[in-house]
Amino acid sequence: MHSENTKSSMSTYPSFNSRRFMNTMDVGIVKIAEDSDFCNLKRLVDDHDGWKLEYDSNSENIKVWTKSTPATNFKMVKVHSSFSNITANTMFDVLHDPDYRKKWDEHMLVSTEIGYLNPNNDVGYYALSCPAPVKNRDFVLQRSWLDLGNEKLIINHSVNHKDYGQKKGFVRATSYLTGFVVRKSGPGCFLGYISQTDPKGKLPTWLVNKITQKFAPRVAKQLKRAAEGYEDWKAQQPDPKDKPWIYAEFTFPRISVADCINLEHIEDGNGDDEQH
């Protein structure tokens with residue numbers, strides 16, 4: 001069951017800067033997330049110092065900010081939204097459920113659960129479609145989560161796995177950080193979203209930043225629509241309790257940190273961004 005009364009050990013934020021956060025979740029490094037990592041995610045979501053407000057819609061309850069960081073020329077984007085008719089538990093489930101994602105994520109080509117490091121950390125493969133002539137992108141991601149009842153946190157970043165090297169026809173993109181903060185808010189919930197991604201290839205930085213900024217409000221709208229249909233869909237599944245992000249008995253297969261290594265052999269390079 002979702003915890004409703006778990007007390008957070010993270011009631012106050014530690015001293016923070018965005019670069020130190022990036023160092024705690026380094027690209028390519030598998031690391032079990034700690035309380036300090038989740039605290040830093042909350043700081044990014046809640047602290048607007050140095051962020052530029054790019055979009056503000058009262059009618060949609062959506063705000064979007066961007067921020068430059070030392071990690072990359074690709075800007076970090078932040079989204080705030082609130083939903084009066086969606087519970088925090090449902091939103092948390094939608095963000096996790098790989099089977100349901102196939103129903104609502106129109107860009108997803110493949111989503112594979114590679115395995116679990118422990119009941120709160122997994123590694124997965126995700127491939128998405130891009131409009132021609134741009135090559136499709138894929139990721140290998142470690143995801144970490146923490147359910148504190150009224151507040152639920154998810155962090156992911158790019159890692160490697162010995163069985164999921166770069167594939168022909170795809171450009172292996174890099175997620176420096178993607179995170180979600182879901183909080184109970186009356187009968188509904190608040191959603192905070194952070195992302196900083198390098199799509200690799202030869203796409204101009206300015207174009208990626210512009211597209212990311214424009215696409216950000218769509219993330220909140222898409223998640224709202226998905227969440228509104230989730231409970232009915234889940235009730236019709238063979239096992240509605242099949243929720244590995246809640247029930248540890250479903251967290252299989254297990255994998256080892258030793259499996260999360262980079263492969264020297266690459267089937268297709270990252271440099272060319274045109275389909276052939």
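Colleague: With which side chain does the side chain of Asp105 make a polar contact?
Modeller: This is a predicted model. Asp105 is found in the loop between α4 and β4 (108–118), and its side chain reaches the backbone nitrogen of His107 at 3.1 Å. The polar contact with another side chain comes at 2.7 Å, and the partner is Tyr126.

Colleague: Is Asp105 buried or exposed?
Modeller: The relative accessible area of Asp105 is 9%. Buried means under 20%. Asp105 therefore counts as buried.

Colleague: Which charged residue sits over the ring of Tyr126?
Modeller: Tyr126 is also the residue whose side chain makes the polar contact with Asp105. Over its ring, 4.5 Å from the centre, sits the charged end of Arg101.

Colleague: What sits over the ring of Trp51?
Modeller: Here the charge belongs to a lysine. At 4.2 Å from the centre of the Trp51 ring is the charged end of Lys78.

Colleague: How many salt bridges does the structure hold?
Modeller: Side chains of opposite charge can pair when their charged atoms come close. One of the pairs is Asp97 with Lys234, where the closest N and O atoms are 3.0 Å apart. The count for the structure is 18.

Colleague: How many residues apart are Asp97 and Lys234?
Modeller: Asp97 forms a salt bridge with Lys234. Asp97 is in the loop between α3 (88–96) and α4, while Lys234 is in helix α5, so the pair links distant parts of the chain. The separation is 137 residues.

Colleague: Are Asp97 and Lys234 buried or exposed?
Modeller: Asp97 has a relative accessible area of 2%, and Lys234 has one of 5%. The cut-off for buried is under 20%. Both residues therefore count as buried.

Colleague: Which strand holds the salt-bridge partner of Lys42?
Modeller: Lys42 forms a salt bridge with Glu151, with 3.1 Å between the closest N and O atoms. The two are 109 residues apart, Lys42 being in helix α2 and Glu151 in strand β7 (residues 151–158). Lys42 is buried at 6% relative accessible area, and Glu151 is buried at 13%. The strand is β7.

Colleague: Which residues are linked with Lys42 in a network of salt bridges?
Modeller: Arg183 forms a salt bridge with Asp46, the closest N and O atoms being 2.8 Å apart. That pair joins strand β9 (residues 174–185), which holds Arg183, to helix α2, which holds Asp46. Asp46 is partly exposed, with a relative accessible area of 28%. Linked with Lys42 in the network are Asp46, Glu151 and Arg183.

Colleague: What distance does helix α2 reach from its first C-alpha to its last?
Modeller: Helix α2 covers residues 35–46, which is 12 residues. Its buried residues include Phe38, Leu41 and Val45. The span is close to the value expected at 1.5 Å a residue, and the helix reaches 16 Å.

Colleague: Which residue joins Tyr100 and Tyr230 in one aromatic cluster?
Modeller: The count of aromatic pairs comes to six. Tyr100 and Tyr230 form one that is edge-to-face, with centres 5.0 Å apart and 75° between the planes. This pair links helix α4 (residues 98–104) with helix α5 (residues 205–235), and both tyrosines are buried. The third member of the cluster is Trp233.

Colleague: Why is the pair of Tyr247 and Phe250 edge-to-face?
Modeller: The ring centres of Tyr247 and Phe250 are 6.4 Å apart. Planes over 60 degrees apart count as edge-to-face. The pair is edge-to-face because its planes are at 70°.

Colleague: How many disulfides are there?
Modeller: Among the cysteines, Cys189 is buried at 1% relative accessibility. Cys260 is buried as well, with a relative accessible area of 9%. The count of disulfides is zero.

Colleague: Where are the prolines that follow the cis peptide bonds from Ala132 and Phe252?
Modeller: The bond from Ala132 to Pro133 is cis, with omega near 10°, and the bond from Phe252 to Pro253 is cis with omega near 0°. Pro133 lies in the loop between β5 (121–128) and β6 (136–147). Pro253 is found in the segment after α5.

Colleague: What is the phi of Lys200?
Modeller: Most residues other than glycine have a negative phi. Lys200, in the loop between β10 (188–198) and α5, has a positive value. Its phi is near 60°.

Note on methods
Residues numbered from 1 in each chain as written. Predicted model: local features only at pLDDT ≥ 70, side-chain atom pairs only at ≥ 80, totals over all residues. Heavy atoms only, no water. Phe/Tyr/Trp six-rings, centres within 6.5 Å; stacked < 30°, edge-to-face > 60°. Helix = DSSP H or I, 4+ residues; strand = E, 2+ residues; numbered from the N terminus. Buried < 20%, exposed > 50% of the residue type's maximum accessible area, 1.4 Å probe, protein only. Lys NZ or Arg CZ within 6 Å of the ring centre and 35° of its normal. Expected span 1.5 Å × (residues − 1). Disulfide = S-S within 2.5 Å. Salt bridge = Lys/Arg side-chain N within 4 Å of Asp/Glu carboxyl O. Polar contact = N/O pair within 3.5 Å; in protein donor to acceptor, adjacent residues only side chain to side chain.
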